[in-house]
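Reader: I would like a close look at one part of this model, namely the open space in its surface and what surrounds that space. Please take the pocket first and then go on to whatever is connected with it.

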Amino acid sequence: MKIFFKTAVLVVLSFHLATAQDIRLGVKGSLNLTNIPNFTAVEALGQDFKYMATGGAALFAEIPLDQNFTFRPEVAYNRRGGKIDRLNLGGGTIGSIIGGLTNARLNIDYLDVPLLLQYKFSTAATGSAYVIAGPSVGFKVGSSMSNSLLGLMDLKYDLNLNYKDVDFGGVVGLGYEMPVRGKVKGFVEATYRHSFTNAIGDIGILRVDSKTSNFGFSVGLSMPVGK
């Protein structure tokens, strides 16, 4: 992980030395809706995951390639996973009642590195809509399972699943950028990230499908370097 950070810093610095007058640095915060659709291990228990809300944050650089195209590498923290609104605790009245009042959340934390290409539809100083797309690699930095009963009891614990350390995916999105004050720009953005690889490997003889799905809604700011 330390080697990865050093490499990322060297890449950004090399671009900075070449075109420092054009590079912008920025920060954004995100509200994410994440899920693991068709999670085999959960479906085998007669349950299914639903989208859950999580937060995220990112630092990024904007490196112009021409008037409209920009290379935008990011380093982001995001939580992926899913939730079960009502647990299946078996038959019986008591089991049905308690299960209906209990939910479960699977949380997998990642340090994501999206490498995005951004296209701005306009070069006007008043603002522009844009689209982004590119690959993204995620490095797992944590995981947990939590259960909540009526929102009053929150039990967190580690679930020893066969988590994958690296998650490869792709990102697409659209947004709008506008001047805020001076050379500072603000933006709003909506993205979708889909994993190409499983977040969890096979469990025993059970072949697991566990590709994550994530919708993100972000706001952020950027400013030029050295100006």
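Author: By class, the residues lining the largest pocket are 8 nonpolar, 9 polar and 9 charged. The model is a predicted one, and the pocket in it has a volume of about 620 Å³. Its lining is made up of 26 residues, and those nearest the centre are Arg24, Lys120, Thr123, Glu177 and Lys185. Four strands, β2, β3, β7 (166-181) and β8, each give two or more residues to this lining. The largest contribution comes from β7, with 3 residues.

Lys120, one of the residues nearest the pocket centre, merits a separate look. Lys120 belongs to strand β4. Is Lys120 buried or exposed? Its relative accessible area is 12%, and because the cut-off for buried is under 20%, Lys120 counts as buried. The side chain of Lys120 is in polar contact with the side chain of Glu177, at 2.9 Å. Glu177 is also among the residues nearest the centre of the pocket. Leaving aside residues up to four places away in sequence, Lys120 touches Glu62, Asn68, Ser128, Ala129, Tyr130, Glu177 and Lys185.

Two of the strands that line the pocket, β2 and β3, are also paired with each other. They run antiparallel and are joined by 7 bridges. One of the bridge partnerships is between Ile63 and Phe71, the latter in β3. The connection from β2 to β3 is a hairpin of 4 residues. In a regular strand, side chains alternate between the two faces of the sheet.

Apart from the pocket there is enclosed space to consider. How many cavities of 30 Å³ or more are there? The count is 1, and the space in the largest cavity is about 230 Å³. Lining this cavity are 21 residues, with Lys28, Glu74, Asn78, Pro114 and Thr191 closest to its centre. The elements that supply two or more residues to the cavity lining are β1 (24-35), β2 (52-64), β3 (69-84), β4 (102-120), β8 (184-195) and β9 (213-224). Which element gives the most to the lining of this cavity? That is β3, with 4 residues. By class, the cavity lining comprises 7 nonpolar, 9 polar and 5 charged residues.

Note on methods. Residues are numbered from 1 along each chain as its sequence is written. This is a predicted model: local features need pLDDT of at least 70, side-chain atom pairs count only at pLDDT 80 or more; totals for chains, interfaces and linings use all residues. Side-chain values use heavy atoms; hydrogens and water are left out. On a 1 Å grid over the protein atoms alone, a cavity is a set of points where a 1.4 Å probe fits but cannot get out, and a pocket is an open set with protein on both sides within 12 Å along at least five of seven lines; lining residues have an atom within 4 Å of a point. Grid points are joined across faces, edges and corners, and a volume is the space filled by probe spheres set on the points. Ala, Val, Leu, Ile, Met, Phe, Trp, Tyr, Cys and Pro count as nonpolar, Asp, Glu, Lys and Arg as charged, and the others, Gly among them, as polar. Two strands pair if DSSP finds at least two bridges between them. Buried means under 20% relative accessible area, exposed over 50%, partly exposed in between (1.4 Å probe, protein chains only). A polar contact is a pair of N or O atoms within 3.5 Å; within protein, one must be able to donate a hydrogen and the other to accept it, and residues adjacent in sequence count only if both atoms are side-chain atoms. Contact means heavy atoms within 4.5 Å.
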